[in-house]
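Work through the exercises below with the coordinates open. Try each task before reading its solution.

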Amino acid sequence: MPAPVQLQLDHGKKWQTDHALRQGMSEIHTAMEQSLPPIHKKAFTPAQYEALAERIQRQIDYVVGNCKLPEDADQQLHLVLEWIIDGVAVMKAKTNREHGAVKIVEALGKYREYFEPAGW
């Protein structure tokens, strides 16, 4: 049985990205930056969580449909995307929606740590 894939650097360096990945992840980053102040104040409504989840899902769909990375980088990217997808699912749930936002913020931190982001 193969060992589970864990997030890692590309021989000590961050993974290269392409335009589609940088654009999609930057949009997710912007969406979260705009949403975090009211989320922290517990002022984010269920409808706002739904809208945020949809906005992020559109970017995930864009990245998956348009990003063309080498296989090793793509495998690493999918680990980050899984965390974001999990966060979206939690934000769409009826309870603990803020935990979904936390998952996405954590995933963006991992993306920044392991990939060459677009200046954020």
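The exercises go from the whole chain to single residues.

The model is predicted, so local features need pLDDT of at least 70, side-chain atom pairs count only at pLDDT 80 or more, and totals for chains, interfaces and linings use all residues. Residues are numbered from 1 along each chain as its sequence is written, and side-chain values use heavy atoms, with hydrogens and water left out.

**Exercise 1. Find the secondary structure pattern of the protein chain.**

Step 1: assign elements as DSSP runs, with helices as H or I of at least four residues and strands as E of at least two, numbered from the N terminus. Step 2: count them. The protein chain has four helices and zero strands. Step 3: read along the sequence. The pattern is α-α-α-α.

**Exercise 2. Test the protein chain against the radius of gyration of a compact globule.**

Step 1: take the radius over C-alpha atoms, and use the rule of 2.2 Å times the number of residues to the power 0.38. Step 2: for 120 residues, the rule gives a value near 14 Å. Step 3: compare. The protein chain has 15 Å, which agrees. Step 4: add the extents. The C-alpha trace spans about 45 × 35 × 25 Å along its principal axes.

**Exercise 3. Describe burial and contacts in the protein chain.**

Step 1: apply the classes, namely buried under 20% relative accessible area, exposed over 50%, and partly exposed in between (1.4 Å probe, protein chains only). Buried residues are 38% of the 120. Step 2: take contacts as heavy atoms within 4.5 Å. Of the contacts with a separation of 6 or more, 75% join residues 24 or more positions apart.

**Exercise 4. Place Met 25 and state whether it is buried or exposed.**

Step 1: locate the residue. Met 25 sits in helix α1, residues 19-40. Step 2: check accessibility. Met 25 has 0% relative accessibility, so it counts as buried. Step 3: take a distance. From Met 25 to Thr 45 the C-alpha separation is 24 Å, across 20 residues of sequence.

**Exercise 5. Examine the positive phi values of His 11 and Asn 96.**

Step 1: recall the background. Most residues other than glycine have a negative phi. Step 2: take His 11. Its phi is positive, about 55°. His 11 lies in the segment before α1, and at 78% relative accessible area it is exposed. Step 3: take Asn 96. Its phi is also positive, near 55°. Asn 96 belongs to the loop between α3 (71-92) and α4 (97-114). With 44% relative accessibility, Asn 96 is partly exposed.
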